[in-house]
Amino acid sequence: MSDSVLFRNGTVLTMDDRHTVLPNADVLVVGERIAEIGAGLTAPEGATVIDASGGILMPGMIDTHRHMWQTAMRGYGADWTLTQYFVWYYLESGKLFRPEDVYAGNLLAAIEAIDAGVTTTVDWSHGLQTPQHADAAVDALEAVPGRFVFAYGNLQQGPWEWSADAGFRDFVNRRITPGDDMLGFQLAFDVTGDPAFPEKAAFEVARELGVAVTTHAGVWGATNDDGIRLMHENGFMTPQTVYVHSATLNRDSYHRIAATGGSVSVSTESEQSAGQGYPPTWILRDHGIGVSLSMDTSVWWSGDLFSAMRATLGADRSREHLEAHGRGETVTHVHLRAEQVVDWATRGGSRALGLDGVVGSLEPGKKADVVLLRNDDSPAMFPILHPYGHVAFQAQRGDVDTVLVNGRIVKRDHKLVGVDLAAARERVGRTIDHLRGELGEKAWARGMNPDIPETKVRDNPYTYTEWDAGSAQWKH
């Protein structure tokens with residue numbers, strides 16, 4: 001593999017501070033970094049030259065919240081609510097996952113991420129029942145040529161318990177290197193609002209280790225404003241804190257997040273479907289809170305940020321129209337633009353993770369996480385008239401032609417490079433066999449197909465029919 005890569009003649013979305021767009025431009029990568037951006041660049045001797053004409057060059061996307069270990073069960077919970085998710089993973093079956101099952105899910109999720117142009121992913125890894133589970137999770141991440149942030153959690157224990165465990169400290173000492181931008185580290189736990197604030201001990205561990213906390217905040221029926229208040233009163237709200245969802249908070253809580261410089265990871269598909277609350281970008285914009293995007297879990301939803309951008313634009317604009325209609329007004333100009341959600345999918349993530357000086361934009365000196373969107377076989381990939389709109393509304397994961405992570409080509413001509421997908425498939429198959437065997441076929445099917453609430457068919461006064469309840473038939 002060449003040490004240099006030159007992309008020629010693409011539409012470049014730099015995502016720099018000015019959101020500079022360069023038509024028919026080149027991007028030169030030397031080693032791990034972007035060396036130069038401009039027109040007609042000279043290719044170094046032996047460079048790999050990639051034709052980007054008719055395509056879009058953009059920074060690698062950044063997902064700030066994905067439960068990667070659950071990817072082995074892709075689609076299983078398609079008809080769940082958040083309650084059913086909690087019951088299955090937290091109360092009943094999450095304990096069935098062995099270290100090798102966490103490995104399988106992480107491996108598939110990591111491969112899926114780079115395939116979809118997501119070059120940095122936060123592994124919100126709350127299935128770590130033992131340090132052996134954590135080792136397996138990191139082993140899987142290190143087996144895939146992506147950039148990751150490992151967020152350590154354990155849904156089977158309180159954070160004040162697992163963060164005080166000697167095995168956890170041993171894991172951190174063995175596997176985590178401070179300042180490593182290929183494998184970052186966070187603590188992942190939630191704050192319930194218990195007045196005793198037992199989570200305080202875990203926050204103190206994070207402070208001692210010098211790492212950020214990521215937490216599910218403002219989740220209907222689970223985490224609330226009391227949790228935010230306790231964090232603030234005890235001095236644990238920092239610019240590095242990432243608040244996931246944050247969909248049901250009051251304005252005082254949003255003010256606290258804004259005042260302390262924190263950011264929110266919005267998982268729009270999740271919030272719309274599972275019931276955490278209405279996707280909050282409309283109110284986050286009002287408070288000037290930083291936003292990043294995330295996919296949450298493939299046990300329900302897709303694993304690509306194209307879906308996240310589309311869903312986020314739709315939810316925000318729908319709310320804006322709804323609010324206006326309630327006032328008897330008409331929205332003539334939407335506030336949230338495609339350009340902004342592309343920023344959230346790239347720079348929003350790098351800012352949230354403290355990596356903005358490293359990745360998130362295409363600028364000389366930054367690490368070369370680069371995505372080329374090009375698909376000559378797709379009628380949806382031309383013409384490219386509004387590049388941001390094309391990324392947010394037209395492109396999809398199948399249009400990801402080339403991906404570089406840290407200057408390394410990990411996908412080329414729509415095919416992954418250096419990835420053993422067959423081995424990942426085999427591992428995932430073993431995990432599914434294990435779970436089905438432990439649960440039994442009836443429980444496995446029941447978990448995948450929750451009951452449908454009862455419905456009542458109402459009479460329609462606008463038809464010339466009458467419902468006969470006795471015969472359960474329409475009479476004409």
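In this predicted model, the count of cavities of 30 Å³ or more comes to one. The space in the largest cavity is about 40 Å³, whereas the largest pocket holds about 670 Å³ and the second largest pocket about 490 Å³. The largest nonpolar core has 106 residues. The points below cover these spaces, the cores, two buried loop residues, helix α12 and the backbone exceptions.

**Cavity**

- The lining of the largest cavity consists of V191, T215, H216, A217, T223, N224, G227, I228 and M231.
- Strand or helix elements that each supply at least two residues of this lining are β10 (212–217) and α7 (225–233).
- By class, the lining of the largest cavity divides into four nonpolar and five polar residues, with no charged residue.

**Pockets**

- The largest pocket, with about 670 Å³ of space, is lined by 31 residues, of which F185, Q186, G210, V211 and A212 are the closest to its centre.
- At least two residues of the lining of the largest pocket come from each of β8 (147–152), α5 (166–175), β9 (183–188), α6 (200–209) and β10.
- The lining of the largest pocket comprises 17 nonpolar, ten polar and four charged residues.
- The second largest pocket, at about 490 Å³, has 28 lining residues, and those closest to its centre are F86, Y90, F189, D190 and H216.
- H216 therefore belongs to two linings, because it is listed for the largest cavity and also for the second largest pocket, where a lining residue is one with an atom within 4 Å of a point.
- Both α1 (82–92) and α4 (159–162) supply at least two residues each to the lining of the second largest pocket, and α1 gives the most, with four residues.
- In the lining of the second largest pocket there are 14 nonpolar, eleven polar and three charged residues.

**Nonpolar cores**

- In soluble globular proteins, nonpolar side chains tend to be buried together.
- Within the largest nonpolar core of 106 residues, M73, F150, Y152, F185, L187, M309 and L373 have the most contacts.
- Helix α2 (residues 99–115) gives the most to this core, contributing ten residues.
- Beyond four places in sequence, Y152 touches S125, L128, T130, P131, A134, W162, F168, F171, F185, Q186, L187 and A188.
- A second core, separate from the largest one, has 17 residues, among them V27, L57, A368 and L372.

**D369 and its polar contacts**

- D369 is located in the loop between α13 (347–352) and β14 (370–373).
- With a relative accessible area of 3%, D369 falls under the 20% limit and is therefore buried.
- The side chain of D369 makes a polar contact of 2.9 Å with the side chain of R147, and the D369 side chain also reaches the backbone nitrogen of N406 at 2.7 Å.
- Apart from neighbours within four places in sequence, the residues in contact with D369 are M58, P59, G60, T119, T120, R147, V359, L362, L404, V405 and N406.

**Helix α12 and L336**

- Helix α12 (residues 338–345) is largely enclosed by the rest of the structure, because six of its eight residues are buried.
- The buried residues of α12 are A338, V341, V342, D343, W344 and A345.
- L336 lies in the loop between α11 (305–326) and α12, and its relative accessibility of 1% means that it counts as buried.
- Outside its neighbours within four places in sequence, L336 is in contact with R285, T312, L313, D316, R317, V341 and W344.
- One of these contact residues, D316, is 20 residues from L336 along the chain, and their C-alpha atoms are separated by 7.1 Å.

**Backbone exceptions**

- Most residues other than glycine have a negative phi, and most peptide bonds are trans.
- The peptide bond from F382 to P383 is cis, with omega near -5°, and P383 is placed in the loop between β14 and α14 (387–394).
- N24, in strand β2 (residues 21–30), has a positive phi of about 50° although it is not a glycine.
- D296, also not a glycine, has a positive phi of about 75°.
- The position of D296 is in the loop between β13 (290–293) and α11, and its relative accessible area of 4% places D296 among buried residues.

Methods: Residues are numbered from 1 along each chain as its sequence is written. This is a predicted model: local features need pLDDT of at least 70, side-chain atom pairs count only at pLDDT 80 or more; totals for chains, interfaces and linings use all residues. Side-chain values use heavy atoms; hydrogens and water are left out. Buried means under 20% relative accessible area, exposed over 50%, partly exposed in between (1.4 Å probe, protein chains only). Contact means heavy atoms within 4.5 Å. A polar contact is a pair of N or O atoms within 3.5 Å; within protein, one must be able to donate a hydrogen and the other to accept it, and residues adjacent in sequence count only if both atoms are side-chain atoms. On a 1 Å grid over the protein atoms alone, a cavity is a set of points where a 1.4 Å probe fits but cannot get out, and a pocket is an open set with protein on both sides within 12 Å along at least five of seven lines; lining residues have an atom within 4 Å of a point. Grid points are joined across faces, edges and corners, and a volume is the space filled by probe spheres set on the points. Ala, Val, Leu, Ile, Met, Phe, Trp, Tyr, Cys and Pro count as nonpolar, Asp, Glu, Lys and Arg as charged, and the others, Gly among them, as polar. A nonpolar core is a set of buried Ala, Val, Leu, Ile, Met, Phe, Trp, Tyr and Cys residues joined through side-chain atoms within 4.5 Å.
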